[in-house]
Amino acid sequence: MVDIYDCKLLIVDDEPELRRMVIAILKQNGFQKIISAGDCSEARRLFAVEKPEAVILDVSLPDGDGFSLMRDFRASSFVPVLFLSARDEDEDRLLGLGLGADDYMTKPFLPRELVLRLHAILNRTYFPPVLSQKSKPVFSLGDIKVDLNSCEVTSQKGTSSLTAKEFALLEKLFENREKIVTGDSLCMAAWGDSLYGYENTLMVHIRRLREKIEPTPSSPQYLMTVRGLGYKLTGVKVL
């Protein structure tokens, strides 16, 4: 089984002092395999050579931006990404999450919060597959097939993969299919926290999930919004 503290982390930030501070915080909390880069070029090289299990990524970099860099990483890997940036505009946060980032934190930040969020990401990404002896469900939504074992959605458009957050949300909705699942319950499943502060984040992930499981995402048939309460997965056929 993968040891959470044995995971190799890549930190990408153009501020040497901040990189040193983040490395010190993580090492104090048990992480030992940490590599870092100050620009996109070095980050790409290290990513290809070192194959990290998670990335902590700044948005503003001297030779590009973190959003483009994340696209490059995701072209070859579903490695979890935590954005850590001074850019605190909602558009930046929503863009990062919309691209499939696992979390987005802004500077300045609380060291303990960074560690807790990183723990949550690593636990959700690497531990469920190895700890669970029971196979995950396979089900259909109309002509769309969802396999929670492989984290894949297959439709006439082809096959797409679920991100760690999308998987956590969809699994929670499936477990409570045909019932209303509150925003608090969904956020607890995906982020280990209540809905407060995650309202926009949850909406972004629900929208991206609909793009994969709905024939017409703008007019959902299966992942329904229940205004003021939460969401409901309906029309499920277990295979």
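**Turns, buried charges and contacts**

C151 sits in the loop that links β9 (144–147) to β10 (152–155). The model is predicted. Phi of C151 is near 60°. That is a positive value in a residue other than glycine. Most residues other than glycine have a negative phi. C151 is partly exposed, and its relative accessible area is 22%. Buried would require a value under 20%.

The two strands flanking this loop pair with each other. β9 and β10 run in the antiparallel sense, over three bridges. D147 has E152 in β10 as its bridge partner. Together β9 and β10 make a hairpin, with four residues between the strands. C151, with its positive phi, belongs to the turn of that hairpin.

β9 also pairs with strand β8 (residues 138–141). This pairing is antiparallel too, and it extends over four bridges. L141 faces I144 in β9. Here the hairpin has two residues between its strands. G142 lies in the turn and has a positive phi of about 65°.

Two further backbone features stand apart from these hairpins. K51 has a phi near 50°, again positive and again in a residue other than glycine. K51 occupies the loop between α2 (40–50) and β3 (54–57). K51 counts as exposed because its relative accessible area is 60%, above the 50% cut-off. The second feature is a cis peptide bond between K107 and P108, with omega about -5°. Most peptide bonds are trans. P108 is placed in the loop between β7 (103–106) and α5.

Both loops fall in a span with a database annotation. For residues 8–122, an unreviewed UniProt entry lists "domain: Response regulatory". The span is 47% helix and 22% strand. Its end C-alpha atoms are 11 Å apart.

L46 belongs to helix α2. Its relative accessibility is 7%, so L46 counts as buried. Beyond its neighbours within four places in sequence, L46 contacts L10, I35, S36, A37, K51 and P52. One of these partners is the exposed K51. Another is L10, 36 residues away along the chain. The C-alpha atoms of L46 and L10 are separated by 8.0 Å.

G64 gives a contrasting case of sequence and spatial separation. G64 and E53 are 11 residues apart in sequence, yet their C-alpha atoms are 22 Å apart. G64 is in strand β5 (residues 64–65). With a relative accessible area of 34%, G64 is partly exposed. Its contacts, with residues up to four places away in sequence left out, are C40 and V59.

Two buried positive side chains come next. R124 is part of helix α5 (residues 111–131). R124 is buried but has no salt bridge. The nearest side chain of opposite charge is that of D103, 5.7 Å away. With residues up to four places away excluded, R124 touches K165, A168, A189, A190, W191 and G192. K165 lies in helix α6 (residues 164–175). K165 is likewise buried and without a salt bridge. For K165 the nearest side chain of opposite charge is D102, 4.0 Å away. K165 contacts D102, I121, R124, A190, W191 and H205, with neighbours within four places set aside.

A190 and W191 therefore recur, in the contacts of R124 and of K165. Both belong to the buried set of helix α7 (residues 183–191), which comprises G183, L186, C187, A190 and W191. These buried residues lie on the same side of α7 because they cover an arc of only 95° around the axis. G192 follows α7 and has a positive phi, near 65°. G192 is also among the residues that R124 touches.

Y198 follows in the loop between α7 and α8 (199–213). Y198 is buried, at 6% relative accessible area. Apart from neighbours within four places in sequence, Y198 contacts R117, C187, W191 and D193. C187 and W191 are among the buried residues of α7. By contrast, G235 is 27 Å from Y198, C-alpha to C-alpha. These two residues are 37 places apart in sequence.

Technical notes: Residues numbered from 1 in each chain as written. Predicted model: local features only at pLDDT ≥ 70, side-chain atom pairs only at ≥ 80, totals over all residues. Heavy atoms only, no water. Buried < 20%, exposed > 50% of the residue type's maximum accessible area, 1.4 Å probe, protein only. Lys, Arg positive; Asp, Glu negative; His and termini not counted. Contact = heavy atoms within 4.5 Å. UniProt positions renumbered as here; feature names shortened; annotations may be inferred. Arc of directions from axis to C-beta. Pairing = 2+ DSSP bridges.
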